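Student: Please give me a close look at a single part of this model, namely the salt bridges and the helix that carries several of their residues. I would like one connected account, continued as far as the neighbouring elements allow.

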Amino acid sequence: MFGLTGAGLGGAVLVARVLGRPARTEQTRRWIQVLLLRFSRLLQLTGVIKIDCSLVSPPPGTLIIANHPGLLDAPLLLGRLPGVVPIVKRSLLRNPFMAPAIYAADYVTNDDGYQMVEECVRRLRAGESVLVFPEGTRTPADGAVRLRRGAAQIAVRARCAILPVTIRISVPFLRKADSIWRAPAARPEFRITALPVAEARHYIVTGGSEAIAARRLTQHLQRLYDGELEQRGPA
């Protein structure tokens, strides 16, 4: 269903271009958000997964970060956060079914570390909200979240607010080492929780180094995740 959805959206974007009526960026993002939300509701309706989500769309210009325990994390979040810009893998641009929609939605790609940071900063300063998985890959099997400093560097450069989000799955499901065709013994329940917002400007000292500010902000966010996952269980 996910593949068919991507193919259908990509086909719609191509047809619009051929007809000389290319979809606007905001319109394409809205299409993607609605389709992903319906996709997640279909998963719930058919009994594949359960979802317990308390997310509310943050103000424009917010950097949203989340741990990444399973393959469905990005679709579930994007379906519940209208207009948010994710960082997508460069390899997805070689997918003929998904590439047209990604280009039309003007998402950020992880081409180059420095250029990606600059592009995220530009988007945030322009009032767009950006979604980042700061671990750089999916959360390991032990559920421990280990943040890299890239997200904090983006926030410090943009002087923006950060909304940390935790995603916990009740049973191992679609982790990096899992086979996508192997069903878990019990129905997975996704619990998506928003943590307290952090303001990057509070970690910036006048005349101080942005690198030090990013390190302090990363340490604060790491403590948030460690405390939340220790209290409520690992991802």
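Tutor: Glu 128 and Arg 29 are both buried, where buried means under 20% relative accessible area, exposed over 50%, and partly exposed in between (1.4 Å probe, protein chains only). The model is a predicted one, in which local features need pLDDT of at least 70 and side-chain atom pairs count only at pLDDT 80 or more, while totals for chains, interfaces and linings use all residues. Residues are numbered from 1 along each chain as its sequence is written, and side-chain values use heavy atoms, with hydrogens and water left out.

Glu 128 and Arg 29 form a salt bridge whose closest N and O atoms are 2.7 Å apart; the term requires a side-chain nitrogen of Lys or Arg within 4 Å of a carboxyl oxygen of Asp or Glu. Because Glu 128 lies in the loop between α5 (113–125) and β5 (130–132) and Arg 29 lies in helix α2 (residues 25–45), the pair ties together parts that are 99 residues apart in sequence. Helices (H or I, at least four residues) and strands (E, at least two) are DSSP runs, numbered from the N terminus.

This contact belongs to a wider arrangement. Arg 29, Asp 106, Glu 119, Arg 122, Arg 123 and Glu 128 are linked in a network of salt bridges, and the structure holds 11 salt bridges. Within the network, the side chains of Glu 119 and Arg 123 meet at 2.6 Å, N to O. Both residues lie in helix α5, four residues apart, which is about one turn of the helix. The two partners are covered to unlike degrees: Glu 119 is partly exposed, with a relative accessible area of 24%, whereas Arg 123 counts as buried at 2%.

Helix α5 itself has 13 residues, which at 1.5 Å a residue should span 18 Å, and its end C-alpha atoms are 18 Å apart, in agreement. The expected span is 1.5 Å times one less than the number of residues. Met 116, Val 117, Cys 120, Val 121, Arg 123 and Leu 124 are buried in α5. Seen down the helix axis, these buried residues fall within an arc of 165°, so they line one face of α5; the arc is that of the directions from the axis to the C-beta atoms. The face turned away from the buried side carries the exposed residues Tyr 114, Gln 115 and Arg 125. The buried residues of α5 pack against α2, β2, β3 (85–88), β4 (108–109), β5 and α6, contact meaning heavy atoms within 4.5 Å. The packing partners of α5 thus include α2, the helix that holds Arg 29.

Backbone geometry adds further detail. Just after α5, Gly 127 takes a positive phi of about 95°. Most residues other than glycine have a negative phi. Arg 159, although not a glycine, has a positive phi of about 55°, and its place is in the loop between α6 and β6. Leu 174 is likewise not a glycine and has a positive phi of about 55°; Leu 174 is found in the loop between β6 and β7 (189–194) and is buried, with a relative accessible area of 13%.

Arg 159 also takes part in a salt bridge, its side chain meeting that of Glu 210 at 3.1 Å, N to O. This pair links distant parts of the chain, with Glu 210 in helix α7 (residues 210–232) and Arg 159 in the loop between α6 (150–158) and β6 (161–169), 51 residues apart. Glu 210 is partly exposed at 36% relative accessibility, as is Arg 159 at 43%.

Helix α7 has 23 residues and reaches 33 Å from its first C-alpha to its last, close to the 33 Å expected at 1.5 Å a residue. Its buried residues include Ala 213, Leu 217, Leu 221, Gln 222, Tyr 225 and Glu 228. Among the elements that cover the buried residues of α7 are β2, α6, β6, β7 and β8 (198–199). Both β2 and α6 also appear among the elements against which the buried residues of α5 pack. Gly 227 lies in α7 and is partly exposed, with a relative accessible area of 33%.
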